Amino acid sequence: VLAFLPKKEAGARAEVRVNGIVVKSFDLSQDDAWTYRSKNGQWNIIEVKNGKIRDRADNSPDQIAVHTGWISNVGQTAVCLPHHLVIEVMSGQKNNEVDYNA
């Protein structure tokens, strides 16, 4: 049996989207920390370190994005459903077949 697994590609950047809208982009080569705060009191602390990104802490009840931990490969996501927040690792190359504004 042969299985072809996609090559894991380290991401160059990451996007944080809330309700599908990009609210912040990160260069994964630059260590950083940022806090997302919504008008209704929800918050997520996003951290970038050593080419990886994570939701370090948030005030959601289930903590799924926090428990996801560090992500660094293209296509990996951390999702905080109660806050409608998604962190996605992207390559440094633009894909013309994807409409990021949709």
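Two strands count as paired here if DSSP finds at least two bridges between them. Keep that in mind for the hairpin at the start of this tour. The model is predicted.

**The whole chain**

Colour the protein chain by secondary structure before selecting anything. One helix and seven strands should appear. Followed from the N terminus, the elements run β-β-β-β-β-α-β-β. Of the 102 residues in the protein chain, 33% are buried. Switch on the surface: its accessible area comes to about 6800 Å², and carbon and sulfur atoms account for 50% of that. Among contacts in the protein chain with a separation of 6 or more, 34% are between residues 24 or more positions apart.

**Stop 1: the β1-β2 hairpin**

Select residues 13-18 for β1 and residues 21-27 for β2. The two strands pair in the antiparallel sense over six bridges. They form a hairpin with two residues between them. Asparagine 19 sits in that turn and has a positive phi of about 55 degrees. For one cross-strand pair, select alanine 14 and find phenylalanine 26 of β2 opposite.

**Stop 2: the salt bridges on β1**

Stay on β1 and show side chains. Which residues are linked with Arg17 in a network of salt bridges? The network is made of Arg13, Glu15, Arg17 and Glu88. Two of its links can be checked with the distance tool. Between the side chains of glutamate 15 and arginine 17 the N to O distance is 3.3 Å. Between those of arginine 17 and glutamate 88 the N to O distance is 2.6 Å. Arginine 17 lies in β1 and glutamate 88 in β7, so this pair ties together parts that are 71 residues apart in sequence.

Are glutamate 15 and arginine 17 buried or exposed? Both are buried. Arginine 17 has a relative accessible area of 17%, and the cut-off for buried is under 20%. In general, side chains of opposite charge can pair when their charged atoms come close. The structure holds five salt bridges; another one comes up at the next stop.

**Stop 3: the three-stranded sheet**

Hide the side chains and select residues 32-37 and 52-58, which are β3 and β5, together with residues 43-49, which are β4. This is an open sheet in the order β3-β4-β5, with antiparallel pairing. β3 and β5 are the edge strands, each pairing on one side only. Neighbouring strands of the sheet are turned by 20 degrees against each other on average, direction ignored.

How many bridges join β3 to β4? There are six, and the two strands run antiparallel. Threonine 35 stands opposite isoleucine 45 in β4.

Now bring back the side chains of glutamate 47 and arginine 56. They meet in a salt bridge, with an N to O distance of 3.8 Å. Glutamate 47 counts as buried at 12% relative accessibility, whereas arginine 56 counts as partly exposed at 37%.

**Stop 4: the nonpolar core**

Select Ile46, Ile53, Leu85 and Ile87. These touch the most other members of the largest nonpolar core, which has 16 residues. Which elements give two or more residues to this core? They are β1, β4, β6 (77-80) and β7 (85-90). In soluble globular proteins, nonpolar side chains tend to be buried together.

Centre the view on isoleucine 53 and show what surrounds it. Leaving aside residues up to four places away in sequence, isoleucine 53 touches Ala14, Phe26, Leu28, Ile46, Glu47, Val48, Gly69, Trp70, Ile71, Ile87 and Val89. Two of these contacts, Ala14 and Phe26, are the opposed pair from the hairpin. Another, Glu47, is the salt-bridge partner of arginine 56.

**Stop 5: two loop residues**

Most residues other than glycine have a negative phi. Two loop positions depart from this. Select asparagine 50, found in the loop between β4 and β5. Its phi is positive, about 50 degrees, although asparagine 50 is not a glycine. Asparagine 50 is exposed, with a relative accessible area of 63%.

Then go to glutamine 63, in the loop between β5 and α1 (64-68). Glutamine 63 is not a glycine either, and its phi is positive, about 60 degrees. At 21% relative accessibility, glutamine 63 counts as partly exposed.

Notes:
Residues numbered from 1 in each chain as written. Predicted model: local features only at pLDDT ≥ 70, side-chain atom pairs only at ≥ 80, totals over all residues. Heavy atoms only, no water. Helix = DSSP H or I, 4+ residues; strand = E, 2+ residues; numbered from the N terminus. Axes fitted to C-alpha atoms, helices over the stretch in contact; angles between N-to-C directions. Core = buried A, V, L, I, M, F, W, Y, C linked by side-chain atoms within 4.5 Å. Buried < 20%, exposed > 50% of the residue type's maximum accessible area, 1.4 Å probe, protein only. Contact = heavy atoms within 4.5 Å. Areas by Shrake-Rupley, 256 points an atom, 1.4 Å probe, with all protein chains shown as cover. Salt bridge = Lys/Arg side-chain N within 4 Å of Asp/Glu carboxyl O.
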